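Work through the exercises below with the sequence and the model side by side, and try each task before reading its solution.

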Amino acid sequence: MKGIGALPLADWINAGVDWLSKFTGFFNSITAFFQAIIDAIQWVFDLLPEWLFIIVILALTYWVKKDQKKLGFMIFEVLGLLLIWNLGYWRDMTQTLTLVLSSSLIAIIIGIPLGIWMAKSNKAEVVIKPILDFMQTLPAFVYLIPAVAFFGIGMVPGVLASVIFAMPPTVRMTSLGIRQVPEGLIEAADSFGSTSWQKLIGLQLPMAKTTIMSGVNQTMMLGLSMVVIASMIGALGLGTQVYFAVGRNDAGAGFAAGIAVVIVAIILDRITQSFNQTSR
C-alpha cells in the first residue's frame with residue numbers, strides 16, 4: 001500500500017518503457033543482429049558431432065593448460081561430457097554454451113573499451129561506476145521485464161539480460177588493470193615519444209592482461225549463472241530443463257540438469273583461467 005504523497009516512480013518507469021516501445025524498428029534491428037550471432041554460434045555446435053566436440057575441448061585444454069593437473073582435468077572433461085551426452089542433455093548443453101558465449105562476447109566487446117575509458121578519464125569513472133553498481137546490485141529478475149518488452153520472448157532477450165548482468169566485472173577489471181600499470185613504465189614510454197595509442201597497445205594492455213582475463217572469467221561465470229533465469233523468458237538450454245523440473249516438482253530431473261550446468265561451469269572456468277595463466 002502506497003503512503004500519502006508517495007512518488008509515482010512505477011508510473012514514471014512504465015511511461016518510459018511505453019515510450020521506448022514505440023521504436024520497434026530499432027529494437028527489431030538489434031534483435032536481428034544478436035539473433036544472427038546466436039544462430040552462427042549454434043550452427044557451429046550443431047555441425048560438430050558429439051565425439052568431435054569432446055576432442056576439440058580436450059585439444060583446447062591440452063593447449064592452454066600448462067600445469068601438472070592437466071591430465072586429471074582432461075579425464076574429468078571426458079567423463080563429464082559423456083555423462084551429459086548419456087543423460088540426453090547434449091543439445092541443451094550446446095544451447096547453454098551458445099547463450100553464455102554470445103553474451104560473454106558482447107559483454108567483452110563493450111566492456112573492455114568502457115574499462116579503458118574509465119582508466120583514462122576520471123570523469124568517465126565518476127559517471128560509469130555508479131551505473132556498474134546499479135547493474136550488479138539490481139535483482140537479475142528485474143532485467144527480464146524490459147528485455148521482454150523490447151525484444152520479445154526467446155534467446156535474444158536472455159542474452160541481452162545476461163550481458164547487462166555479466167558485463168560489470170570486465171569493465172571494472174580492465175580499468176583496474178590499466179590503472180595498476182607502474183607510473184615509471186608509463187614515464188619511460190613517454191620519454192621515448194610514445195603516443196597514447198602506442199602506450200595503450202604496447203604497454204598498458206599487455207601489463208593488464210592478467211587482470212583483464214580475471215574479469216572475463218567472472219563475466220562468463222555470471223553469464224552462466226543467468227541460464228536458469230533466462231529460461232523463464234524463452235531462452236533454451238539446461239536452464240529450461242531446471243525450470244521445467246521445478247514446475248513439475250521433479251527433484252531428480254532438476255538435479256540431473258543442475259549437475260550438467262555444474263560440469264559446463266567447471267570446464268569453462270578452468271579453461272578461461274588457463275588462458276589467464278598462459279598470458280602471464
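**Exercise 1: the surroundings of a serine**

Beyond its neighbours within four places in sequence, Ser-103 is in contact with Val-159, Ser-162 and Val-163, where contact means heavy atoms within 4.5 Å. The structure is a predicted model, in which local features need pLDDT of at least 70 and side-chain atom pairs count only at pLDDT 80 or more, while totals for chains, interfaces and linings use all residues. Residues are numbered from 1 along each chain as its sequence is written, and side-chain values use heavy atoms, with hydrogens and water left out.

Task: place Ser-103 in its helix, decide whether Ser-103 is buried or exposed, and find the backbone oxygen atoms that its side chain reaches.

Solution. Begin with the secondary structure: Ser-103 belongs to helix 5, which covers residues 90-120 (helices are DSSP runs of H or I with at least four residues, strands are runs of E with at least two, and both are numbered from the N terminus). Next, take the accessibility: Ser-103 counts as buried because its relative accessibility is 3% (buried means under 20% relative accessible area, exposed over 50%, and partly exposed in between, with a 1.4 Å probe and protein chains only). Finally, look at the side chain of Ser-103, which reaches the backbone oxygen of Leu-99 at 2.8 Å and has a polar atom 3.0 Å from the backbone oxygen of Val-100.

**Exercise 2: an isoleucine in helix 12**

Task: explain why Ile-212 counts as buried, and list its contacts beyond four places in sequence.

Solution. First locate Ile-212 in helix 12, residues 209-225. Ile-212 has 8% relative accessibility and therefore counts as buried. Its contacts, once neighbours within four places in sequence are set aside, are Ile-112, Met-173, Thr-174 and Leu-205. As a last step, compare sequence with space for Ile-212 and Leu-20, which are 192 residues apart in sequence and 34 Å apart from C-alpha to C-alpha.

**Exercise 3: a positive phi in a loop**

Task: state where Asn-249 lies and what is notable about its phi.

Solution. Asn-249 sits in the loop between helix 14 (238-248) and helix 15 (251-278). Most residues other than glycine have a negative phi. Asn-249, although not a glycine, has a positive phi of about 55°. With a relative accessible area of 71%, Asn-249 is exposed.

**Exercise 4: the chain and its annotated spans**

Task: describe the chain as a whole, and then examine the geometry of residues 43-64 and residues 96-119.

Solution. Start with the totals: the chain has 15 helices and zero strands, and 44% of its 280 residues count as buried. Among contacts with a separation of 6 or more, 79% join residues 24 or more positions apart. Then turn to the record: an unreviewed UniProt entry places the feature "transmembrane region" at several spans, including residues 43-64 and 96-119, and such annotations may be inferred rather than shown by experiment. Residues 43-64 are 91% helix and 0% strand, with end C-alpha atoms 25 Å apart, whereas residues 96-119 are 100% helix and 0% strand, with end C-alpha atoms 33 Å apart.

Methods: A polar contact is a pair of N or O atoms within 3.5 Å; within protein, one must be able to donate a hydrogen and the other to accept it, and residues adjacent in sequence count only if both atoms are side-chain atoms.
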